[in-house]
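I opened the notebook to record what I looked up in this model, entry by entry. I begin with the overall make-up and then go to single elements and residues.

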Amino acid sequence: STQVWAFPVETSTTRRPPYSVRVPTMILPPNAVNQQHPHVASGRNGRKGPNVRLAIAAAWLVGYCCGVLFPSPPRLVSSSSNYDRAIANLVRAATPAKATTRISTSTEGTAEQAFAKLHLLITTFPGGFEQDFRPVFVRSLQFFWPREHIRLTVVLDNTVAKNDEERQHMIQKIKSFFDADLQNRIDVKFHPNTDPSIFGPGYDIQQNIGFWADNFTDAEYIGIVDDDTLFTRAIQPRDLFDEHGRPHTICKYVSGVKNPNDMKWKNGTQWALGWPGYLSAMNYFPVVLHRSYFPKVRNHILGEVHPEFSTFDMFFQKLWSRKKDGYSQFEIMFEYLWHYQRNEFNWHLEPEWIDDFWRDGIPLEKASQFPHIQPGSPQYNNVTDDQLRPFPRIAVHGSYIPGGRVPRRRIGRVVQLMKQGYCFSQPWDAIANKVNGSTSGGDDFVVIHRRCQAYKVETDVNIDGEWLFESEGKWARLNPSGAAMAHAERMKRNSPHNFSQKELRLIFRE
């Protein structure tokens with residue numbers, strides 16, 4: 001049905017200290033040292049005294065020199081025979097790592113239970129239907145997502161239809177892109193806030209929709225994707241939620257300054273939230289959030305940081321019109337969640353840049369040069385070892401990956417990654433032991449071998465499908481052994497998936 005949402009005015013009546021706002025001592029706000037979440041108010045996660053910091057720094061230097069805390073100098077993953085054997089051994093021996101993060105009592109359920117409550121949400125426009133939405137997103141979604149769990153809300157600007165009749169036509173057109181058995185699981189909504197003087201041009205309207213995603217679906221968990229999202233392997237609940245039902249999030253932590261101009265995104269975060277940004281969440285799809293977090297972010301901004309605005313629309317108008325800065329709704333939301341809801345997620349952090357500072361972040365003595373960036377190493381910012389462990393993705397940003405940036409070449413890249421993803425999704429017993437009957441889609445192993453022999457499924461780490469999001473996979477380059485172990489753990493979890501036989505014949509030209 002046609003539905004147009006109205007956005008209510010929200011206010012905030014509660015005030016809570018941040019989880020851990022790490023800023024250099026010389027610019028600490030009053031009483032900031034005591035503004036610690038109860039879980040890190042004391043012990044090794046609390047603020048350390050000068051002598052302790054000096055001892056830690058000395059130990060860090062020794063560990064670095066000995067090559068204990070970090071791998072040997074960064075290198076690209078190789079396909080040498082020794083490395084191949086190492087990967088195969090890891091796959092055979094891998095067992096899932098146990099989470100050591102303290103779980104909040106408000107987190108309940110399992111990965112399977114949370115996954116059943118997940119709906120995807122996507123913004124698109126008619127001009128992108130045949131460039132990305134249909135040939136990239138819809139095609140890979142239907143191929144890799146468990147069909148019984150496909151639930152999708154498509155959001156369009158209300159300017160694409162002048163009346164109810166045109167809206168109904170647009171709804172039917174979008175549903176026609178999907179297989180007949182899935183069309184009743186696709187909802188189409190129209191976004192009313194499209195005045196460019198208030199909400200900006202198309203990019204800004206898309207960002208605004210992200211802040212209000214909870215107004216377009218009643219789902220408990222909302223997974224936000226772009227219309228050029230390309231799924232790259234058969235998806236399981238544990239790819240998106242951990243064993244406690246917490247969403248996985250793959251963020252970048254500030255690890256240096258490759259280009260100060262690129263840091264303009266942090267300017268927008270600092271202005272929106274009032275502290276230097278540390279995380280970048282535009283690093284994976286789908287971005288999964290519990291619906292309760294969207295109003296929490298909006299309320300915090302209005303009630304705690306920008307009380308000068310009486311509505312979120314007024315705040316947003318100022319946010320996008322700050323031409324000297326960039327911004328990202330993902331970055332703003334996850335910066336808030338990192339400080340206030342940290343235990344509600346399973347965090348996976350990789351470096352943002354590969355430069356002189358990638359291990360230790362912006363040095364504290366250089367903090368004044370970059371006031372919009374949270375300085376210090378991951379450890380200084382209370383990042384745990386578990387949170388630095390590589391974690392494989394299930395999708396790439398299709399129009400930004402190598403080979404996919406030119407629209408006319410993108411379809412070929414889609415087919416390539418679909419074939420590769422099919423092969424890396426086969427149950428490990430079928431691959432390693434050549435056991436028939438347990439393969440995805442019931443395919444005979446001989447058929448699978450013919451289709452997949454080019455992809456070295458037993459020995460490769462599937463860089464393009466698991467470690468790449470846009471231009472480069474930093475985990476696979478900086479921590480190849482960690483990436484190999486995470487890939488091995490994922491391969492051990494492979495289970496039969498019902499692939500479309502029609503699509504398989506198309507992509508493999510059978």
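How many helices and strands does the protein chain have? I counted them up from the assignment and noted 19 helices and ten strands. The model is a predicted one, so I looked at confidence before anything else: the mean pLDDT of the protein chain is 80, and 75% of its residues reach 70 or more.

**Entry: low-confidence stretches.** I marked residues 1–88, over which pLDDT stays under 50 and for which the model has 140 contacts beyond four places in sequence. I also marked residues 90–106, where the pLDDT is below 50 and where the model has 33 contacts beyond near neighbours in sequence.

**Entry: the chain as a whole.** I noted that 55% of the 510 residues of the protein chain count as buried. Taking contacts between residues at least 6 apart in sequence, I found that 82% of them join residues at least 24 apart.

**Entry: a five-stranded sheet.** In which order do the strands of the open sheet of five strands stand? I read the order as S3-S2-S1-S4-S8, with mixed pairing. Strand S3 (186–191) and strand S8 (287–290) each have a single partner strand, so they stand at the edges, with one side of each left without a neighbour in the sheet. From one strand to the next, the twist averages 25°.

At the S8 end, I followed the pairing of S8 with strand S4 (residues 221–225), which is antiparallel and runs over four bridges; there, isoleucine 222 stands opposite leucine 289 in S8. Helix H12 (residues 329–340) packs on the sheet, where it touches S4 and S8, and its direction makes about 50° with that of S8.

At the S3 end, I found strand S2 (residues 152–157) joined to S3 by six bridges, the two strands running parallel. Leucine 156 stands opposite phenylalanine 190 in S3, and S3 itself is mostly covered, with five of its six residues buried.

**Entry: methionine 170.** Is methionine 170 buried or exposed? I placed the residue in helix H5 (residues 164–175), and its relative accessible area is 9%, which is under the 20% cut-off, so methionine 170 counts as buried. Leaving aside neighbours within four places in sequence, methionine 170 is in contact with Pro126, Phe129, Leu156, Val160 and Phe190. Two of these contacts take me back to the sheet, since Leu156 and Phe190 are the pair that stand opposite one another. I also noted that the C-alpha atoms of methionine 170 and valine 160, ten residues apart along the chain, are separated by 8.2 Å.

**Entry: helix H4 and the core.** Where is the kink in helix H4 centred? In H4 (residues 129–144) I found a kink of about 25° centred on valine 138. The helix is mostly covered, since twelve of its 16 residues are buried, and among them are Phe129, Phe133, Val138 and Phe144, together with the polar residues Asp132, Ser140 and Gln142.

I then turned to the largest nonpolar core, which has 125 residues, and wrote down Phe133, Trp145, Phe178 and Phe334 as those with the most contacts inside it. I took phenylalanine 334 further: beyond its neighbours within four places in sequence, it is in contact with ten residues listed here, Thr249, Cys251, Leu279, Ala281, Tyr284, Val287, Val288, Leu289, Phe345 and Trp347.

**Entry: backbone points to check.** Which peptide bond is cis? I recorded the bond from phenylalanine 285 to proline 286, with omega near -10°, and located proline 286 in the loop between strand S7 (279–280) and S8.

I also recorded lysine 456, which has a positive phi of about 50° although it is not a glycine, and asparagine 462, where phi is near 60°. Lysine 456 lies in the loop between helix H15 (445–452) and helix H16 (463–467), and asparagine 462 likewise lies in the loop between H15 and H16. On accessibility I noted that lysine 456 counts as partly exposed at 47%, whereas asparagine 462 is buried, with a relative accessible area of 0%.

Note on methods: Residues are numbered from 1 along each chain as its sequence is written. This is a predicted model: local features need pLDDT of at least 70, side-chain atom pairs count only at pLDDT 80 or more; totals for chains, interfaces and linings use all residues. Side-chain values use heavy atoms; hydrogens and water are left out. pLDDT is the predictor's confidence in each residue, from 0 to 100. Contact means heavy atoms within 4.5 Å. Two strands pair if DSSP finds at least two bridges between them. Axes are lines fitted to C-alpha atoms, for helices over the stretch in contact, and angles run from 0 to 180 degrees between N-to-C directions. The bend at a residue is the angle between axes fitted to the seven residues ending there and the seven starting there. Buried means under 20% relative accessible area, exposed over 50%, partly exposed in between (1.4 Å probe, protein chains only). A nonpolar core is a set of buried Ala, Val, Leu, Ile, Met, Phe, Trp, Tyr and Cys residues joined through side-chain atoms within 4.5 Å.
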